[in-house]
Amino acid sequence: MGIGATTRDVAAGEIPTIGVGMLGYAFMGKAHTNAFKKIAYMTWPPPLVPRLVSIAGRNEEAVRNAAERYGYEHWTTDWHDLVADPAIGLFDNGGPNSLHAEPTIAAAEAGKHVICEKPLGRTADESYEIWQRVAATGVKHLCGFNYRFVPANRLAREMIEAGELGEIRHFRGRYLQDWGDDQTLDTWRFHSDEAGSGALGDLGAHVVDLARYLVGEFEAVSALVKTFLPGREVDDAIEAAVSFAGGAVGTVEATRLALGRRNALQWEINGSKASLAFDMERLNELQVFRADGDRARGFKTVLVSEADHPWWEFWWPPGHIIGWGETFVHEIHHLLRAIAEDGDVAPYGATFEDGYRAAEVCDAIVRSSESGAREQIAYRMT
Ligand code: SOE
């Protein structure tokens, strides 16, 4: 029996590749690399085939092992090598917050498209500089607010855009984790020089971005920033009462001390015609309430896994649910398509301007906690 030759759906070589340089091999290096590899065969045909050219990290043994594990062609302990490598067309920054600015700006100024994990910078000032310097180069830029790429959250955005909720009156969002209670843990996330802030930039920024993505721009915040653990340099929790430019009001909360809540990014939106609610620990489900007079009315659970649901053309038959890691597949696919087609990352992906605007809201939360007053949100424009 002959041995069949594999014939690709498209002639070999028709799908261009893009060389990837990855800064960071830990949590985000793993999540992003998993996405790069899956895009090549699960989002068929991919907009571009990611080629894992090189990975950079501070610890030589760890980064060499990561290169071998994931299949990067090269590894280095100096991120400058990624910026200088002509084979790299996409620079992916998954490093600590203190290492977001310089490498990302350098990569963009070397003509490479860039993705940078959230928070973009440690402060609004730093985020603004990153946005401005990178935008000036003309490369595509995406800030890693991956929860925009949960199918349920994209479906919610599309329902809101279609007017199915009516006038939006409330947004209440909270990101609850509990690993912050582990005082034996030594992570850059606990050091103010490396992280900038604690739960605020790490978790609160996600809530702020989702609020901007689903409801719109913030108008003002009245907030408290709280550190519980003795000797901790950064905040453990934030609580904010917020108003939106469109008239809605609500709350933003983030904590690393909600014992029992492992990764509970939860939001609820109440409109004049309907309400929606979501919980990351049940990420395939969207809770929907329609005030349409139905006697059996009440929140219903929509399993967001139908063929016509966002990104489900990549996956499985209905009900065969996906996981947290797939949000990065959707996110990076979105960027690769923008690169391949010279399209826009906005409005469904977060650009560096979104990264800056989230930082401006986070800075206002800190200012309000210090002043005890409500702080208005004012964005610096280009
Ligand atoms: C915090 O532990 C963290 O890793 C965040 O930094 C990520 O942004 C979030 O997606 C998961 O939790």
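When the angle between two helix axes is over 145 degrees, the helices count as roughly antiparallel, and I begin with that cut-off because the helix pair I want to show you depends on it. What we are looking at is a predicted model, so please hear everything that follows as a description of that prediction.

Helix H5, residues 124-135, packs against helix H10, residues 352-371, at an angle of about 165°, and their axes lie 8 Å apart. With the cut-off I have just given, H5 and H10 are therefore roughly antiparallel to each other. The crossing in which H5 passes H10 is left-handed.

Staying with H5, let me turn to its aromatic residues. There are 13 aromatic pairs in the structure, and one of them is formed by Tyr 128 and Trp 131, in an edge-to-face arrangement with 5.8 Å from centre to centre and 80° between the planes. Tyr 128 and Trp 131 are three residues apart in H5, which means that about one helical turn separates them. Are these two residues buried or exposed? Both Tyr 128 and Trp 131 are buried.

A second pair for comparison is Trp 324 with Phe 328, where the ring centres are 4.9 Å apart and the planes stand at 65°, so this pair is edge-to-face as well. Here the burial of the partners has to be stated separately, because Trp 324, at 25% relative accessibility, counts as partly exposed, whereas Phe 328, at 1%, counts as buried. Trp 324 and Phe 328 also belong to one aromatic cluster together with Phe 27.

Rings in this model also have charged groups over them, and I would point to two cases. The ring of Tyr 128, which we have already met in H5, has the charged end of Arg 380 sitting over it, 5.0 Å from the ring centre. In the other case, the charged end of Arg 154 sits over the ring of Tyr 348, at 3.9 Å from its centre.

Now to the strands. Six of them form an open sheet, in the order S3-S2-S1-S4-S5-S6, with parallel pairing. The edges are strand S3, residues 74-76, and strand S6, residues 141-143, each of which pairs on one side only. From one strand to the next, the twist averages 20°. At the S3 edge, strand S2, residues 49-56, pairs with S3 in the parallel sense over three bridges, and Ile 55 stands opposite Trp 75 of S3.

Strand S7, residues 168-176, is worth a separate look, since I can describe two of its pairings. With strand S11, residues 264-271, S7 runs antiparallel and is joined by eight bridges; within that pairing, Arg 172 has Glu 268 of S11 as its bridge partner. With strand S10, residues 249-255, S7 pairs in the parallel sense over seven bridges, and there Leu 176 has Thr 255 of S10 as its bridge partner.

I will finish with a single glycine. Where does Gly 198 lie? Gly 198 is in the loop between helix H7, residues 192-195, and helix H8, residues 199-214, and with a relative accessible area of 0% it is buried. From Gly 198 to Thr 227 there are 29 residues in sequence, and the distance in space, C-alpha to C-alpha, is 9.1 Å.

Key. Residues numbered from 1 in each chain as written. Predicted model: local features only at pLDDT ≥ 70, side-chain atom pairs only at ≥ 80, totals over all residues. Heavy atoms only, no water. Phe/Tyr/Trp six-rings, centres within 6.5 Å; stacked < 30°, edge-to-face > 60°. Helix = DSSP H or I, 4+ residues; strand = E, 2+ residues; numbered from the N terminus. Buried < 20%, exposed > 50% of the residue type's maximum accessible area, 1.4 Å probe, protein only. Lys NZ or Arg CZ within 6 Å of the ring centre and 35° of its normal. Pairing = 2+ DSSP bridges. Axes fitted to C-alpha atoms, helices over the stretch in contact; angles between N-to-C directions. Parallel < 35°, antiparallel > 145°, perpendicular 65-115°, else oblique. Left-handed = near helix turned anticlockwise from the far one by under 90°.
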